[in-house]
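Good morning, and thank you for coming. I should like to take you through one structure, step by step. Please look at the sequence and the model as they appear.

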Amino acid sequence: MVYGLGPKGQLFAVKLDDGSEVWTVQIEEALGAKIPRYGFTTAPQVAGDVLFVQTGGDEGRAYAGFDKRTGKLLWSTGDAVVAYQSPVLATLAGELQ
């Protein structure tokens with residue numbers, strides 16, 4: 001699978017072997033995300049079975065975790081606009097964070 005986020009907020013999963021779409025979520029509609037001035041540029045991050053995305057929604061929807069197989073929203077948190085950074089996985093104090 002390949003995951004991406006288009007500049008207008010289309011979060012998607014496609015099959016690596018043939019490029020066919022598996023699922024898509026329009027995060028502006030689904031989470032109330034605000035499209036940054038130059039569009040979304042953050043890269044989704046896979047952490048186990050979760051696809052983590054900085055969505056930029058308000059009311060607890062600035063950061064979101066989606067089921068990487070189905071695109072279903074699993075959780076969201078925070079109240080912040082999104083800029084042009086991407087999440088990074090790191091092991092800190094022996095824990096994957």
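I shall speak about the sheets, then the core, then the aromatic rings, and lastly two loop residues.

Please keep in mind throughout that this is a predicted model.

Let us begin with the sheets. As a general point, the strands of a sheet pair through backbone hydrogen bonds, either parallel or antiparallel. Here, one open sheet has three strands in the order β1-β2-β3, and the pairing is antiparallel. Its edge strands are β1, residues 2–5, and β3, and each of these pairs on one side only. From one strand to the next, the twist averages 10°.

Within this sheet, β1 and β2 are joined in the antiparallel sense by four bridges. One pair of residues to find on your screen is L5 and L11: L5 stands opposite L11 in β2. The two strands form a hairpin with four residues between them, and G9, in the turn, has a positive phi of about 95°. On the other side, β2 pairs with β3, again antiparallel, over five bridges. There, V14 has E21 in β3 as its bridge partner.

The other open sheet to discuss has four strands, in the order β4-β5-β6-β7, with antiparallel pairing. At its edges are β4, residues 45–47, and β7, residues 73–77, each pairing on one side only. In this sheet the twist averages 25° from one strand to the next. Five bridges join the antiparallel strands β5 and β6, and L51 stands opposite F66 in β6.

We come now to the interior. Which residues touch the most other members of the largest nonpolar core? They are L11, I27 and F66, in a core of 14 residues. Several elements each supply at least two residues of this core: β2 (10–14), β3 (21–26), α1 (27–31), β5 (50–54) and β6 (63–67).

I27 deserves a moment of its own. Leaving aside residues up to four places away in sequence, I27 touches L5, G9, L11, G32, A33, F40, T55 and F66. You will recognise some of these names: L5 and L11 are the residues that stand opposite each other in the hairpin strands, and F66 is the residue opposite L51.

Next, the aromatic rings. How many aromatic pairs does a search of the whole structure find? It finds three. One of them is formed by Y3 and W23; the pair is tilted, with 6.4 Å from centre to centre and 40° between the planes. Y3 lies in strand β1 and W23 in strand β3, so this pair ties together parts that are 20 residues apart in sequence. W23 has a relative accessibility of 6% and therefore counts as buried.

Another pair consists of F52 and Y63. Their ring centres are 6.4 Å apart and their planes meet at 10°, so this pair is stacked. F52 is in strand β5 and Y63 in strand β6, eleven residues apart, and the pair links distant parts of the chain. F52, at 22% relative accessibility, counts as partly exposed. Y63 is partly exposed as well, with a relative accessible area of 28%. Ring pairs also bring in W75, so to speak: F52, Y63 and W75 are linked into a cluster.

I shall finish with two loop residues. The loop between α1 and β4 contains T42. Is T42 buried or exposed? Its relative accessibility is 3%, and because anything under 20% is classed as buried, T42 counts as buried. The side chain of T42 makes a polar contact with the side chain of Q54, at 3.3 Å. Not counting residues up to four places away in sequence, T42 touches L5, Q54, Q85, S86 and P87. L5 is thus a name on two lists, since it is touched by I27 and by T42.

The other loop residue is A93, found between β8 (91–92) and β9 (95–96). A93 has a relative accessibility of 85% and counts as exposed, because the cut-off for exposed is over 50%. Most residues other than glycine have a negative phi. The phi of A93, however, is near 55°, a positive value in a residue other than glycine.

That concludes my presentation. Thank you for your attention.

How values were computed:
Residues numbered from 1 in each chain as written. Predicted model: local features only at pLDDT ≥ 70, side-chain atom pairs only at ≥ 80, totals over all residues. Heavy atoms only, no water. Core = buried A, V, L, I, M, F, W, Y, C linked by side-chain atoms within 4.5 Å. Buried < 20%, exposed > 50% of the residue type's maximum accessible area, 1.4 Å probe, protein only. Contact = heavy atoms within 4.5 Å. Pairing = 2+ DSSP bridges. Axes fitted to C-alpha atoms, helices over the stretch in contact; angles between N-to-C directions. Polar contact = N/O pair within 3.5 Å; in protein donor to acceptor, adjacent residues only side chain to side chain. Phe/Tyr/Trp six-rings, centres within 6.5 Å; stacked < 30°, edge-to-face > 60°.
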